[in-house]
Amino acid sequence: MDRDTLNVSKREDDGFAYEPVERFGASMTSPRPWNTQALAGVERLNGRVAMLGFMAALAGEVLTGKGMVGQLGALLQWYLG
């Protein structure tokens, strides 16, 4: 496959770090390392969203007096009942 088939931007200065297009399954045997610069931002965002979710679960526990499983059970009971 080429870049035209995948509709990948041909501009090199658009700010995105594109990986070169490879044939299907080629990355499983490629000696190239991952694009760690592109993954660093994704992992930072993932960590921040996980911290927000954990804080929301703790706030819900303080407000309701139930743990995370109890909150999910109450939500399911409210939704189905």
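Here are a few exercises on this predicted model, each with a worked solution.

Ground rules: residues are numbered from 1 along each chain as its sequence is written. In this predicted model, local features need pLDDT of at least 70, side-chain atom pairs count only at pLDDT 80 or more, totals for chains, interfaces and linings use all residues, and side-chain values use heavy atoms, with hydrogens and water left out.

**Exercise 1.** Work out which elements the protein has and in what order.

*Solution.* Start with the DSSP runs: helices are H or I over at least four residues, strands are E over at least two, numbered from the N terminus. That gives three helices and zero strands. Reading along the sequence, you get α-α-α. Now add pLDDT, the predictor's confidence in each residue, from 0 to 100. Helix α1 (residues 3-6) has the lowest mean among the elements, 53, and α3 the highest, 92.

**Exercise 2.** Check the length of helix α2 against its expected span.

*Solution.* The expected span is 1.5 Å times one less than the number of residues. Helix α2 (residues 36-64) has 29 residues, so it should span 42 Å. Its end C-alpha atoms are 41 Å apart, which agrees. Just after α2 comes Gly 65, with a positive phi near 80 degrees.

**Exercise 3.** Decide whether α3 is buried or lies in the open.

*Solution.* Take the cut-offs: buried is under 20% relative accessible area, exposed over 50%, partly exposed in between (1.4 Å probe, protein chains only). Of the 13 residues of α3, zero are buried, so the helix lies largely in the open. Next, pick a residue: Tyr 79 lies in α3, and its 65% relative accessibility makes it exposed. Finally, zoom out: of the protein's 81 residues, 4% count as buried.
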